[in-house]
Amino acid sequence: MSALPLPDLAQCADEPIRVPGAIQPHGRMAVLHAHDGRLLAHSANWPGAAAVADALRALPVDPARLQSGDAPAWIGTIPIDGRDWDVGAHRQGDAVVVEYEPAGPAASMHAPIYSVARELLPRLQQADSVARLCEVVAREMKRLTGYGRCLIYRFDADGHGEVLAERIDAGYQSYAGHRFPASDIPQQARALYRINHIRVIPDANYDPVPIVPAEDAVDAGGLDLGFAALRSVSPVHLEYMRNMGTLASMSVSIVARGRLWGLVSCHNHEAKHLPFQTRVACEHLGRLLSMQIQAQEDNADVAQRLALHQRVLRLVAMMAETDGTLQQLVAPDHLLHELTDAAGAAVVLNDSCWTIGQTPDQDAVRKLAHWVVERGQDLFSTDRLPEVYPGGAALLPDCAGVLAVSISQVHRHVVLWFRPELVQTIRWAGDPRKTVPSHGRIHPRRSFESWNERVRGRSAPWLVAQHAAVLELRQALLALVLRRAEEMAGHAVELGRVNKELEAFSYTVSHDLRAPMRHIAGYVDLVVEDNPQLDERAQRYLKHVKGAASYAGQLVDALLDFSRLGRAGLKPSWVETGSLVEDLIAEIRQHEPGRRIEWDLQAPLPRVWADPLLLQVALRNLLSNAAKYTRDRETATVRITAVGGPEGAGLEIQDNGVGFPMKYVGKLFGVFQRLHRTEDFDGTGIGLANVKRIVERHGGTVWARGEPDRGATFGFMLPPPMPTRTDAGSVGRTEESS
């Protein structure tokens, strides 16, 4: 054994495994210049430089003809020192690496690759699952190599190896159903497995043979041996093999879609040399397995995607028959959660939440949805929520996996699917946890005995096809919402046109009706004056006619005012609501001098950006309403307070009058909508409609709260002015700026 110190395990990720500067001792190596065939370096186990030259001259083909990047090529079998050697070569940049290994029995030179092509390929084509493929290949690989144990494992998302198939001789520990931790294979080793698909170690107790430069040649210590079969491997890996009770090993890569899907790993308790032709057959078998696995996974993925695509189409078709609001997704007959085989699903729009199936409580769903939106991703997926979401542990066991798509991040519109916790017991081939000794280097694992780990906080993993399905659903929903928006925009344009026609019509009608109403009232007065002999009954009838005509005139005037409010242009400026309210209160006191009304102004009242005349109309209506609907109170109380925030400023007017039931709040701001009899409270029923129209024309909002016989509160808020732009493009100051 070499006396060189072993590297610490913590340094494995940085170990130069592709440039070890040495080979395994069962073979020999020569390195030539690719252009002139000059000898650059050779392994130190040649009898001498003359022996290297003789071996190169005996080659049947010129290895310098090889192209860089090609896989190692079979050169032939030549006699050296009274025995036959298998020769292979490959080009690495400007260097050609020629490798010599002891040849196997002549009778078996072509048997391995022949049996793979003739007998095994049909069985691979008949295998109906990945597990079955692995079983077939494990059996054949063990037969080809004669190793005591052959196992096939695939890597999961975390890089751990899960054993799928195994063939062993008596006396070998079984690893069927076990996992090997990802730390057993460093990332740089995995990268090498992706390009060089086979690695053989005949004896883990070997002493590496250094590569020495030829006479007058530069140092060959930096030579890349990534494709060399004789490449010396890490001493840490050799220690790992000995700890496992393995002296000989072979690893064959399984590469699907360019990624390292898994490995075929063969072990033998005793040292064992594998002939070149057998290695070629094993590598070929590994490539066949890789292609079959990729084909099976591709077929399964296509089938899954097709099935999920059909589900998405059905769901979108059902949605198209609704009003298009996304909360319709959780309708019971839509079965949204079944789209991804989830236990439950939810739709969240800002602070509104709708659920179906097994989900966390709505408050927890809202918090999770807002957290998803803050990540700024269209798709979020995890099968271990407690590891990525701060509040995830509190959602166990009902929710451990979440799949979510953001429909709109502006309005925090998210669709989520939930999966419950799936408690797993994982059987490891030895304890995967690394311990740091009190002194000395960290060693690779010494034990490979079964070690069980109970894993919690995870759900069944989400499939790639399910990711694609929910993204397809997202695109379909966006298209559906866009179509609905276009339809509503068309309706809005049409409604705008109709409203303008109605406004023009109402203006014309109200204007033309004013004179007839006044004429009716005037003629009634003339009839009464010219006929003093009319009896009391006739005079009463004429009085009713005059009253009705006057009320109709008031309605016509109110309708005319309402029409004008929609047609007049806005001339906004800063308005001090405090002084405006005081003037209107004084006006109301003059009209109702005998009443006891306590006006409570909660100063200071705000300054708002509005058309002064229209704002005066709105406030007059609100204050007059407060005075009118408190007439039956011995002492009427009206409080005016300021409201405001980032969205603007406004007022609230609260009274202690008759109030109203909140179920009718939607009718209050409609034209001619009244909640009280005309006999009890006069008015046209159009005042609050005027308030709403004025506020909304300013881009603001109105609201009302009430309780029968407990008073009412009406309020409005107007937005601040839009910032102006200077000629240079910077934001200019408004009148409020100092």
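**Cysteines**

I started at Cys282, which is buried with a relative accessible area of 0%. This is a predicted model, so I kept in mind that local features need pLDDT of at least 70.

Next I looked for disulfides and found zero in the structure. Cys282 is in no disulfide; its nearest cysteine sulfur belongs to Cys266 and sits 6.7 Å away. A disulfide needs the two sulfur atoms within 2.5 Å, so the pair does not count as one.

I then checked Cys353. Its relative accessibility is 8%. The cut-off for buried is under 20%, so Cys353 counts as buried.

**Thr630**

Where does Thr630 lie? I placed Thr630 in the loop between α12 (612-628) and β24 (636-645).

Is Thr630 buried or exposed? I read a relative accessible area of 0% for Thr630, so this loop residue is buried.

I followed the side chain of Thr630 to its polar partners. One polar contact, at 3.1 Å, joins it to the side chain of Arg595. The Thr630 side chain also reaches a backbone oxygen, that of Ala627, at 3.1 Å.

I then listed the contacts of Thr630, setting aside neighbours within four places in sequence. They are Arg595, Ala636, Asp655, Asn656 and Gly657. Arg595 thus appears in the contact list and as a side-chain polar partner.

**Asp54**

I moved to helix α1, residues 49-57, where Asp54 has its place. Asp54 has a relative accessible area of 43%. Partly exposed runs between 20% and 50%, so Asp54 belongs there.

I also took one distance from Asp54. Its C-alpha atom is separated by 8.7 Å from that of Ile80. Along the chain, Asp54 and Ile80 are 26 residues apart.

**Cavities**

How many cavities of 30 Å³ or more does the structure hold? I counted two.

I looked into the second largest cavity. The space in it comes to about 40 Å³.

Which residues line the second largest cavity? I noted His26, Glu101, Val200 and Pro202, together with Ala229, His273, Leu274 and Arg279. By class, the lining residues divide into four nonpolar, two polar and two charged. Val200, Pro202, Ala229 and Leu274 are the nonpolar ones. His26 and His273 count as polar. Glu101 and Arg279 are charged.

Notes:
Residues are numbered from 1 along each chain as its sequence is written. This is a predicted model: local features need pLDDT of at least 70, side-chain atom pairs count only at pLDDT 80 or more; totals for chains, interfaces and linings use all residues. Side-chain values use heavy atoms; hydrogens and water are left out. On a 1 Å grid over the protein atoms alone, a cavity is a set of points where a 1.4 Å probe fits but cannot get out, and a pocket is an open set with protein on both sides within 12 Å along at least five of seven lines; lining residues have an atom within 4 Å of a point. Grid points are joined across faces, edges and corners, and a volume is the space filled by probe spheres set on the points. Buried means under 20% relative accessible area, exposed over 50%, partly exposed in between (1.4 Å probe, protein chains only). Helices (H or I, at least four residues) and strands (E, at least two) are DSSP runs, numbered from the N terminus. A polar contact is a pair of N or O atoms within 3.5 Å; within protein, one must be able to donate a hydrogen and the other to accept it, and residues adjacent in sequence count only if both atoms are side-chain atoms. Contact means heavy atoms within 4.5 Å.
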